[in-house]
Amino acid sequence: MMNEKEIILRIIKGDVKAFSLLVDDYQKLIFHVAKRMIQNDEDVEDVCQEVFIKIYRNIGNFAFKSKLSTWIAKITYLASIDYLKKHKRHLSEELPENLPDDLTDSQTPEDLLEQKDMSQYLNLLIGTLPAPYRLVITLFHLEEFSIQEIESITGMPEGTVKNHLFRARKLLKEKVKQYLKNEHARR
Amino acid sequence: MQEDKERRIQALLDTRQRLEDAEFSAGDRDDLLAYKTLYSTLKEEPAQGLPLKFKADLLRRIKVEKRRASDLSLYLIVGFVVLIGFAFVGFVVFAYRSVLLSFIDVIVKLAGLTFTGTLAWLLLSLIDRKHTLKH
């Protein structure tokens, strides 16, 4: 079993097998970040591949000053921003007052609620939030990065990160509360 | 007031403190339960991920890139050797320029003969080729 430093040193020497181990370890993180930023599946796959190529080319520049996961998340974030700019997608930062009840997907939130799939329901709701809010929620809760690490990944000031987290969670909480109330009434 | 309460609940959950329902009023308990459900659901990994072929495609691309990089170093070495070769030829030309100049003189004087000879050779080759194709 190789540790992270060993893997990095072997990748620098051109070991593709070591790089394959890194892909196994970090493909979920990269996918989660890119997916939250870009959302379209095919584009997400392209961006993920670009991110791994960038990692392969630049891993010699990794100075071990932060966690490797933070460095990789930052590369993914910047690659996603570049992609959105290149494809002229508007990066809205305005948080809606309320989250929509009717989401266009193969399954409506009501279907999902009936299947008691809270996770999928929440993912659809998160998808309606502006990109910076989606990203911060994912980095903090799913990837368990600290506020300071999110600050270093996104370049957002600490206060903004905290504010995005608070407001997004408050909106999502309202929907969960409504869901729990409906569940209670149904019983 | 409501916002303060929300901030308090979120801060407590962020620091993973044990929250007793008794600390909250009946109205706040609904919020607390909703937040607890939200926090635990947000930790769940989405079912969707990258396709299985993703890693194979990526590693193939990396191998191509690696091969290209090694080809580039080979081209650089060959380029360097060719450069050294040209420098050597340049040095020989410079060192033996008087001999070369008299050789070039002869070529220039016989330019007409050289041109006619080359043209005749090309014509003969062409006729010979047509003849061979016919039979």
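Select Asp57(B) to begin: this residue is partly exposed, with a relative accessible area of 24%. Keep in mind as you look around that everything here belongs to a predicted model. Now add Arg60(B) to the selection. Arg60(B) counts as exposed, at 52% relative accessibility. The two form a salt bridge, and their closest N and O atoms are 3.2 Å apart. Follow the backbone between them and you stay within helix α3 of chain B, where the two residues sit three residues apart, about one turn of the helix.

**Across to chain A**

Next, show both chains and colour them separately. How many residues of chain B are in contact with chain A? There are 35 of them, and they meet 41 residues of chain A. The size of an interface is often given as the accessible area lost when the parts come together. Here chain B and chain A bury about 3700 Å² between them, and 64% of that area is on carbon and sulfur atoms.

Try selecting Lys53(B) together with Glu45(A). This pair forms a salt bridge from one chain to the other, with the closest N and O atoms 3.7 Å apart. Between chain B and chain A the count is nine salt bridges. If you display polar contacts as well, the rule finds 16 residue pairs across this interface, with both residues at pLDDT 80 or more.

Which elements of chain B give two or more residues to the side that touches chain A? They are α1 (2–14), α2 (26–42) and α3 (53–95) of chain B. The most comes from α3(B), with eleven residues. Colour this side of chain B by residue class and you will find 13 nonpolar, five polar and 17 charged residues.

**A charged network**

Now zoom in on Glu6(B) and Lys173(A). They form a salt bridge in which the closest N and O atoms are 2.9 Å apart. Glu6(B) lies in helix α1 of chain B and Lys173(A) in helix α9 (residues 158–186) of chain A, so this pair joins two chains. Are they buried or exposed? Both Glu6(B) and Lys173(A) are buried.

Widen the selection to take in Glu174(A), Lys177(A), Lys5(B), Asp28(B) and Asp31(B). Together with Lys173(A) and Glu6(B), these residues are linked in a network of salt bridges.

**Thr41(B) and its neighbours**

Move along to Thr41(B), in helix α2 of chain B. Thr41(B) counts as buried, at 7% relative accessibility. What does Thr41(B) touch, leaving aside residues up to four places away in sequence? Its contacts are Met118(A), Ser119(A) and Leu122(A).

Those contacts lead you to the next stop, helix α6 of chain A, which spans residues 118–127. This helix is mostly covered, with seven of its ten residues buried. Select Met118(A), Ser119(A), Tyr121(A), Leu122(A), Leu124(A), Leu125(A) and Ile126(A) to see the buried ones.

**Chain A as a whole**

Step back and hide chain B for a moment. Switch chain A to a cartoon view and you can trace nine helices and zero strands. Of the 187 residues in chain A, 51% are buried. Its accessible surface comes to about 9700 Å², with 47% belonging to carbon and sulfur atoms. Looking at contacts in chain A between residues at least 6 apart in sequence, 67% join residues at least 24 apart.

For an example of parts brought together, select Lys67(A) and Glu149(A). They form a salt bridge, the closest N and O atoms being 3.2 Å apart. Lys67(A) lies in the loop between α3 (41–58) and α4 (68–86) of chain A, and Glu149(A) in helix α8 (residues 147–154) of chain A, so the pair ties together parts that are 82 residues apart in sequence. Lys67(A) is partly exposed, with a relative accessible area of 44%, whereas Glu149(A) is buried, at 18%. Over all chains, the count comes to 18 salt bridges.

**Last stop**

Finish at Pro157(A), in the loop between α8 and α9 of chain A. Pro157(A) is partly exposed, with a relative accessible area of 49%. Draw a distance line from the C-alpha of Pro157(A) to the C-alpha of Arg36(A). How far apart are they in space? The distance is 20 Å, and the two residues are 121 residues apart in sequence.

Key. Residues are numbered from 1 along each chain as its sequence is written. Chains are lettered from A and ligands numbered from 1 in the order in which they are written. This is a predicted model: local features need pLDDT of at least 70, side-chain atom pairs count only at pLDDT 80 or more; totals for chains, interfaces and linings use all residues. Side-chain values use heavy atoms; hydrogens and water are left out. Contact means heavy atoms within 4.5 Å. Buried area is the accessible area (1.4 Å probe) that two parts lose on being put together, summed over both. A salt bridge is a side-chain nitrogen of Lys or Arg within 4 Å of a carboxyl oxygen of Asp or Glu. A polar contact is a pair of N or O atoms within 3.5 Å; within protein, one must be able to donate a hydrogen and the other to accept it, and residues adjacent in sequence count only if both atoms are side-chain atoms. Helices (H or I, at least four residues) and strands (E, at least two) are DSSP runs, numbered from the N terminus. Ala, Val, Leu, Ile, Met, Phe, Trp, Tyr, Cys and Pro count as nonpolar, Asp, Glu, Lys and Arg as charged, and the others, Gly among them, as polar. Buried means under 20% relative accessible area, exposed over 50%, partly exposed in between (1.4 Å probe, protein chains only). Accessible areas come from the Shrake-Rupley method with a 1.4 Å probe; for residues, only the protein chains shown count as cover.
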